[in-house]
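Subject: Structure handover

Hello,

Here is the structure, with its sequence, for you to look at. My notes follow below it.

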Amino acid sequence: MSLVRLVYASESRLVEVNRRMELARMLATAQRLNADNHVTGFLLATPGAFAQVLEGEAENVAETYGRIVVDPRHANPRLLAREPIERRGFADWSMALSEQDETNDFIFSLYGVTPEADLYAQPADTLLDLAGELASQIR
């Protein structure tokens, strides 16, 4: 089994009025599809952007990313990293979510995520570190 990790960022097309409902729908769909395809990962969300870490077999991760690229809730997806890995960093979740809010805004800002430098502007290693930090908070 050959595992890969993919990190991407995209601009969010969600509108504030139904943002929470749409995020919940995205998470439920991702968890179901990822469990079926043995993909694990972590989704970061701010009002203006998404960033996600996907892990699994190369074909399954590519298929998952392919669905994301055409999802109308994402704009201008940027593939930031795709690399082989020895083991999963987010093996506990078919998909976990951390949305920037008043309880974790400080953690996001420690990694340079601000309204002026949203997730979309961050490099892959910063996003991976941020996801790992937030994951440790919810384990």
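What should the twelve residues of helix α2 (residues 58–69) span at 1.5 Å a residue, and how far apart are its end C-alpha atoms? The expected span is 16 Å, and the end C-alpha atoms are 16 Å apart, so the two agree. Please keep in mind that this is a predicted model.

The buried residues of α2 include Asn60, Val61, Thr64, Tyr65 and Ile68. These residues cover an arc of only 130° around the axis, which means that they sit on the same side of α2. That fits the general geometry: an α-helix has 3.6 residues a turn, so residues three or four places apart point the same way. The cover over the buried residues of α2 includes β1 (3–12), α1 (19–37), β3 (49–57) and β4 (74–85).

Helix α4 can be read in a similar manner. α4 has 15 residues and reaches 21 Å from its first C-alpha to its last, close to the 21 Å expected at 1.5 Å a residue. Buried in α4 are Ala124, Thr126, Leu127, Leu130, Ala131, Leu134 and Ala135. Seen down the axis, the buried residues of α4 fall within an arc of 165°, so they line one face of the helix. They pack against β1, β2, β3, β4, β5 (96–99) and α3.

Next, the nonpolar cores. The largest one has 21 residues, and those with the most contacts inside it are Phe42, Leu44, Leu119 and Leu130. At least two residues of this core come from each of β1, β2 (40–45), β3, α3 (105–110) and α4 (124–138). α4 gives the largest share of this core, six residues. A second, separate core has 17 residues, including Val4, Leu23, Leu27 and Tyr65.

Leu44 is a useful residue to display. Leaving aside residues up to four places away in sequence, Leu44 touches Ala49, Phe50, Ala51, Ser98, Phe108, Leu119, Leu127, Leu130, Ala131 and Leu134.

Last, the pockets. The largest pocket has a volume of about 270 Å³. It is lined by 16 residues, of which Met26, Ala30, Ile68, Asp71 and Arg73 are the closest to its centre. α1 and α2 each supply at least two residues of the lining, and the largest share, six residues, comes from α1. Ile68 thus appears twice in these notes: among the buried residues of α2, and among the residues closest to the centre of the largest pocket.

Regards

Key:
Residues are numbered from 1 along each chain as its sequence is written. This is a predicted model: local features need pLDDT of at least 70, side-chain atom pairs count only at pLDDT 80 or more; totals for chains, interfaces and linings use all residues. Side-chain values use heavy atoms; hydrogens and water are left out. Helices (H or I, at least four residues) and strands (E, at least two) are DSSP runs, numbered from the N terminus. The expected span of a helix is 1.5 Å times one less than its number of residues. Buried means under 20% relative accessible area, exposed over 50%, partly exposed in between (1.4 Å probe, protein chains only). The arc is that of the directions from the helix axis to the C-beta atoms. Contact means heavy atoms within 4.5 Å. A nonpolar core is a set of buried Ala, Val, Leu, Ile, Met, Phe, Trp, Tyr and Cys residues joined through side-chain atoms within 4.5 Å. On a 1 Å grid over the protein atoms alone, a cavity is a set of points where a 1.4 Å probe fits but cannot get out, and a pocket is an open set with protein on both sides within 12 Å along at least five of seven lines; lining residues have an atom within 4 Å of a point. Grid points are joined across faces, edges and corners, and a volume is the space filled by probe spheres set on the points.
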